[in-house]
Amino acid sequence: MEAIEVTGLRKTYNGRDAVAGIDLVVARGEIFSLLGPNGAGKTTTVEILEGHRRRTAGDVRVLGEDPGKAGSAWRSRIGIVLQDADDAADLTVHETVRHIAGFYPSPRKPDEVIELVGLTAKRNDKIRTLSGGQRRRVDVALGIVGSPELLFLDEPTTGFDPEARRQFWELIRTLAGDGTTIVLTTHYLDEAEALADRLAVVADGRIVAEGTPATLGGRAASEARVSWTEDGLVRSEQVADPSDLIRHLVTSGADLTTLTITRPTLEDTYLDLIGATR
Ligand SMILES: Nc1ncnc2c1ncn2[C@@H]1O[C@H](COP(=O)(O)OP(=O)(O)OP(=O)(O)O)[C@@H](O)[C@H]1O
């Protein structure tokens, strides 16, 4: 069984489509990322999958159930990390995690979760004394303390410093390695590229491209740009397969210390995709 199956999902606000017909399958154990500009319909889609918003039309199955009708047993199998969650500021990190753990039938140990998110040194500090990035880690701790089979992460690393982001990525890989299915909404393309097995680009309520980070939007098949220096001048050429050109450069004695071969970045492809819908 797939973790998520969506067909023909639509959501209309005041006669206007925020989600205009989305089909989606997320396999169990997969890290799936939703990318898209502000207002594209990502949060609406994810909140429908979480059972927090009603849909206008379409079929949705999450862990085999319709989120619009599923009960508390289903809810306890899902973890959610929201944008800007509001934590109880006067409790300590440990108290907060322990409190939330109490709502789940088979939670992780609070101290284990605190360690996983890198907050052991802050275990006994009140939430209100934490920095923005540290609070975000508490949000992540609360999302995973119930040992969810499926974890929704909405912009999880906003406000993280670079080291905290790397640590968080490791945590996500660890969770995925343990079989947790992860749906990640992010504006950071490097994050999607580093983590996602597959990703979908949403624009104007529709999926405009779907694939692995390497193949999205024909990226893998795009021409490579080869550049090098010749007689003191920078030269560059765009070719499908750089092998012949490089062989030629080697035999012709070109200066290869400055040789670079680049293909479109995920960001180039993404901007093309969303630009095409505007
Ligand atoms: N409760 C609501 N009532 C009316 N319109 C809404 C409501 N929620 C969202 N919308 C509209 O639906 C569209 C999609 O919004 P949504 O929040 O899903 O986008 P998003 O892709 O998550 O954007 P962001 O990246 O900014 O979080 C937007 O045009 C938004 O204005």
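With 18 C-beta neighbours inside 10 Å, Arg 98 counts as partly exposed, because that number falls short of the 20 or more that a buried residue needs and lies above the 12 or fewer of an exposed one. Arg 98 belongs to helix H3, which covers residues 93-101, and although 47 residues of sequence separate Arg 98 from Val 145, their C-alpha atoms are 8.6 Å apart in space. The coordinates discussed here, for Arg 98 as for every other residue, are those of a predicted model.

Such a pairing of residues far apart in sequence leads on to the protein as a whole. Among contacts between residues at least 6 apart in sequence, 65% join residues that are at least 24 apart. The protein has 278 residues, of which 35% count as buried, and its secondary structure comes to 9 helices and 12 strands. Along the principal axes, the C-alpha trace spans about 70 × 50 × 35 Å.

One part of this architecture is an open sheet of 3 strands, arranged in the order E2-E1-E4 with antiparallel pairing. Strand E2 (16-26) and strand E4 (57-62) stand at the edges, and since each has a single partner strand, one side of each is left without a neighbour in the sheet. On average, neighbouring strands of this sheet are turned by 25° against each other when direction is ignored. Between strand E1, residues 4-13, and strand E4 there are 5 bridges, and the two strands run antiparallel; in this pairing, Ile 4 has Val 62 of E4 as its bridge partner. Helix H1 packs on the sheet, where it touches E1, E2 and E4, and the direction of H1 makes about 120° with that of E1.

Helix H1 also leads to the ligand. The shell around the ligand draws its largest share, 3 residues, from this helix, which spans residues 42-49. The full set of residues around the ligand consists of Tyr 13, Ala 18, Gly 36, Asn 38, Gly 39, Ala 40, Gly 41, Lys 42, Thr 43 and Thr 44. Sorted by class, this shell holds 3 nonpolar, 6 polar and 1 charged residues.

A second group of strands is centred, for this account, on E7. Strand E7, residues 181-185, is mostly covered, with 5 of its 5 residues buried. In a regular strand, side chains alternate between the two faces of the sheet. In E7, Thr 181, Val 183 and Thr 185 point one way while Ile 182 and Leu 184 point the other way, and all of them are buried. Strand E3, residues 31-35, pairs with E7 in the parallel sense over 4 bridges, and here Leu 34 stands opposite Thr 185. Strand E6, residues 150-154, likewise pairs with E7 in the parallel sense, over 5 bridges, with Phe 152 standing opposite Val 183 of E7.

Two residues of E7 reappear in the nonpolar interior. The largest nonpolar core has 59 residues, and the members that touch the most other members are Val 97, Val 113, Ala 141, Ile 182, Val 183 and Val 201. When residues up to four places away in sequence are not counted, Ala 141 touches Val 97, Val 113, Ile 114, Val 117 and Leu 119.

Technical notes. Residues numbered from 1 in each chain as written. Predicted model: local features only at pLDDT ≥ 70, side-chain atom pairs only at ≥ 80, totals over all residues. Near = placed C-beta within 6 Å. Nonpolar A, V, L, I, M, F, W, Y, C, P; charged D, E, K, R; others polar. Pairing = 2+ DSSP bridges. Axes fitted to C-alpha atoms, helices over the stretch in contact; angles between N-to-C directions. Contact = placed C-beta atoms within 7 Å. Core = buried A, V, L, I, M, F, W, Y, C linked by C-beta atoms within 7 Å.
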